[in-house]
Amino acid sequence: MAGRGRGGFRGRGRGGPGFPLAKDDEGNVLSTQIEGPPPLYPELVELPDRPAITSRDERLLRKHRALASFYKKSPYYLKRNSDSGPGTGGVTAEIDRLSGISKKRREGPSLQLSDVMTLHPKYFPPELYNGKQRRTGGSSAKQQQFWASQQADKGKDDQDMNERLAKLEKQETAASKTDKDGKAPGGGEKGEDEDNEEKRAALEDEVFEEDDEDGYGHDDDDYLQGQDYDDDEGYDVDEGGGDDAFY
Amino acid sequence: MAELVHPEACQLATLIVEEQLGPICKEICALLLRKGYQTLFELAKTSGCPRAELYDALLVLTQHNCIQPFVLEQEEGAKTSPQTVFQPDLLAILHRLRSARCLLHIADTWKGTNGQDETKIAEAIVEGLLENGRLTSQQIYRNVAGKLGCAVDDSTKATKKLLCQLISSHYVERAPPANLTLPKPAIHPDAMAKGRGISAVAKAQEEQAANLRRLDKVSYGRDRFRIPSDLRLDDGHSAAESALKRQKLSHSASTEALDMGTDPILWRVCYEEFNRSFRHAACIAMISQARDEEAAAIASAILTKTRHFETRLKEQESQPLSAAMIKASLEEMMQSGEEVSPIHDVDAVLREIERDDLEMMTSSTGGPDGTMYQVQLDTCINLARLKTIESIVGARFGLLGLRIWRALFLSGQLEQKTIQDMAIGDQKDTRQLLYGMLKGGFMAVTEIPKSADRAASRTFYTWRVRRDIVSERIGLDMVHSMFNIASRLHTESLLNLELVQQLESGNTTILKTHRQQVSHLTGARDLLESSLFRMDELNSVFNDF
């Protein structure tokens, strides 16, 4: 009877863990002990094989890139005026800006939206354009010119970048062979740009040429000689050590 | 996918718009997708863009069918002019990823009477419309002439003929006008509060009917594929015949006369028809895998012949055809040069179709033309989805997981013990896989408590697979994957921005050190873009078909 009163509660609490237990569907107690620290790295996932690009994929890619290229160069691609300011277009844009070659002069006058779109109130709400834009909308001559230029660019873009790189490699190997033989490569029809390319490539090859005996540039450049070079400096200072051996 | 407003679908759409139409259009598009339709005033206020940029962006997005202007309905007797709102079209933006696939479809399947020349012209028309969004017929003639490299007058006749054929085949449609009334959202019956009584319900229904009646007046659906008179005339007939036709037309309905007036008609690509073609191709591929090439050829013949009778994209089944008509359709396909596997005995193949357990193609007797055969499009698409789901389950959860899933799919609702016995797995692994699949959204669990306190030890847990929920979940996962691939592609381009700019400008003066970077970048782009197209093909099976 004493167990029912004050001691009863003590009896009930004895033997139990004192904290909630996790149990599964059948009522079995699940282990909740932490076995060691968590792993430092997640498990290594075996990645699937790289998918092969089929001929159909290549055709799709070609068409997709032709469309993407069209959109980028069309008046439909709207950029902010601040996007073409200094420090925003990367090194190429900075070179163009500082060299004074205007992109507009190179590519021709840019087209307006109203030149290529038919702005009719039936399809476009009239509050988006004025009467002048509507009158000049869809001008056939400018449209024709725009489409012709896009078609011309498409011909250049069709050449795969890898093919262009392969072509460049061939040009460079031909140029390096020419420099070694001392002869001009066949045909005097090269443009100035190709000459500059060859000169630049030749300069690179000259700088990194491995035909030198020690792999360095000029022999009298002591900067490249490294720590073994004795330039006779720093020996005139009298440290006052006398003729004792120096350890 | 019409009801899909998943956040990642909207983010994917903004990525597509940014890549193709620039950052300003991307901002406006993102705003519209986030907030729904907006008036011009609201857009000007929330976007923060200068007016000129905002107007240009709205014009470009409308031109490329990414948004559609509507007119807000006003109450009768209102004194203010109707307001224009701009509503984004999420599906149309996501379908822009399929533009290359559409071009490929036309190049591979369009067979004209003049062979390759007509195929090239058809491809040029579709390409011009994809590039420019919307064009008038005159602009299409000029565009095609420029692509083919010939004078406009030389190619106009052939282009006009091909344009008519494309409109008849529903690959090209009229652009919708900007004065359509914005359709009001349908009132759900549960949304009507209790206690309002019948009169309120009747009033709401009448209002909806009135809206529909008003919509019919300016109905775009009826005129969508109507070929105007100026395209139908001058098709090679003599001047006298043309004059006679004009006279007949002048007595016809007033809508015909409008086509000859000053309002231009803008044409655009109809993605719905391309999706229908892709859906048919998916069904034929499924039949080819499940049965054989001959059955697939017969399915192709049925679908080609009955294509024009389909009124909506998600038709459950094709129109029935008799054996004689199937044979005639097969012969037509072979004569037109389509790639169809030759069938030695069509009747034998049809008899096998009658015994098909999968019921991808069914037959019905009792008609005047004998036994009629039809393709069950819904069944084929469901089988294609099932195959994809099983491959995903097998890849993620292994063979045991696949056995468990199949056992539940075939048997319905089962307890864990029964599943374990059917799948021949041990208790621990089975439980782990079941909860893993529950977390992945591949199955559902139902609690059947024996006592009121719902204690776990006194509750039955039954597991089941609900195909529709799993399909929806996989569809969303696919959009998520597409977004991941597209954003990775975008990041790769940003990281190599200068190199990409050099490549796009055609500057081939690339130093040695950059060439490795270029080959890495082009390899990565090829892989990511081709993966994106493949994901889009799979995604269309779950979300569009």
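This is a walk through the model above, from the contact between its two chains to a sheet and then to a single residue. Please keep in mind that the model is predicted.

Let's begin where the chains meet. On one side, 84 residues of chain B take part, and they are in contact with 66 residues of chain A. Together the two chains bury about 6,900 Å², with carbon and sulfur atoms accounting for 55% of that area. If you would like a few side chains to look for, try B:Leu59, B:Leu104 and B:Arg515: these supply 10% of the area that chain B buries against chain A, more than any other three residues.

The interface also has charged and polar pairings. Between chain B and chain A the count is eight salt bridges. One to display is the salt bridge of A:Arg59 with B:Asp108, where the closest N and O atoms are 2.9 Å apart. As for polar contacts across this interface, 18 residue pairs are found, with both partners at pLDDT 80 or more. On the chain B side, look along helix H23 of chain B, residues 512-543: this helix gives the largest share of the side that touches chain A, 13 residues. Sorted by class, that side of chain B has 36 nonpolar, 23 polar and 25 charged residues.

Now turn to a sheet in chain B. Here three strands form an open sheet in the order S6-S8-S7, with antiparallel pairing. Strand S6 (321-322) and strand S7 (361-367) of chain B are the edge strands, each pairing on one side only. S7(B) runs antiparallel to strand S8 of chain B, residues 370-375, and five bridges join the two. To see the register, find B:Thr362, which stands opposite B:Gln374 in S8(B).

The last stop is B:Gln68, in strand S2 of chain B, which covers residues 67-71. Is the residue B:Gln68 buried or exposed? B:Gln68 counts as buried because its relative accessible area is 10%, and the cut-off for buried is under 20%. Around B:Gln68, leaving aside residues up to four places away in sequence, the residues touched are B:Val85, B:Phe86, B:Gln87, B:Arg134, B:Pro176, B:Pro177 and B:Ala178. With B:Pro177 there is a polar link: its backbone oxygen lies 3.0 Å from a polar atom of the B:Gln68 side chain. You can also trace from B:Gln68 to B:Pro88, 20 residues apart in sequence but 6.4 Å apart in space, C-alpha to C-alpha.

Conventions
Residues numbered from 1 in each chain as written. Chains lettered and ligands numbered in written order. Predicted model: local features only at pLDDT ≥ 70, side-chain atom pairs only at ≥ 80, totals over all residues. Heavy atoms only, no water. Contact = heavy atoms within 4.5 Å. Buried area = accessible area lost by both parts, 1.4 Å probe. Salt bridge = Lys/Arg side-chain N within 4 Å of Asp/Glu carboxyl O. Polar contact = N/O pair within 3.5 Å; in protein donor to acceptor, adjacent residues only side chain to side chain. Helix = DSSP H or I, 4+ residues; strand = E, 2+ residues; numbered from the N terminus. Nonpolar A, V, L, I, M, F, W, Y, C, P; charged D, E, K, R; others polar. Pairing = 2+ DSSP bridges. Buried < 20%, exposed > 50% of the residue type's maximum accessible area, 1.4 Å probe, protein only.
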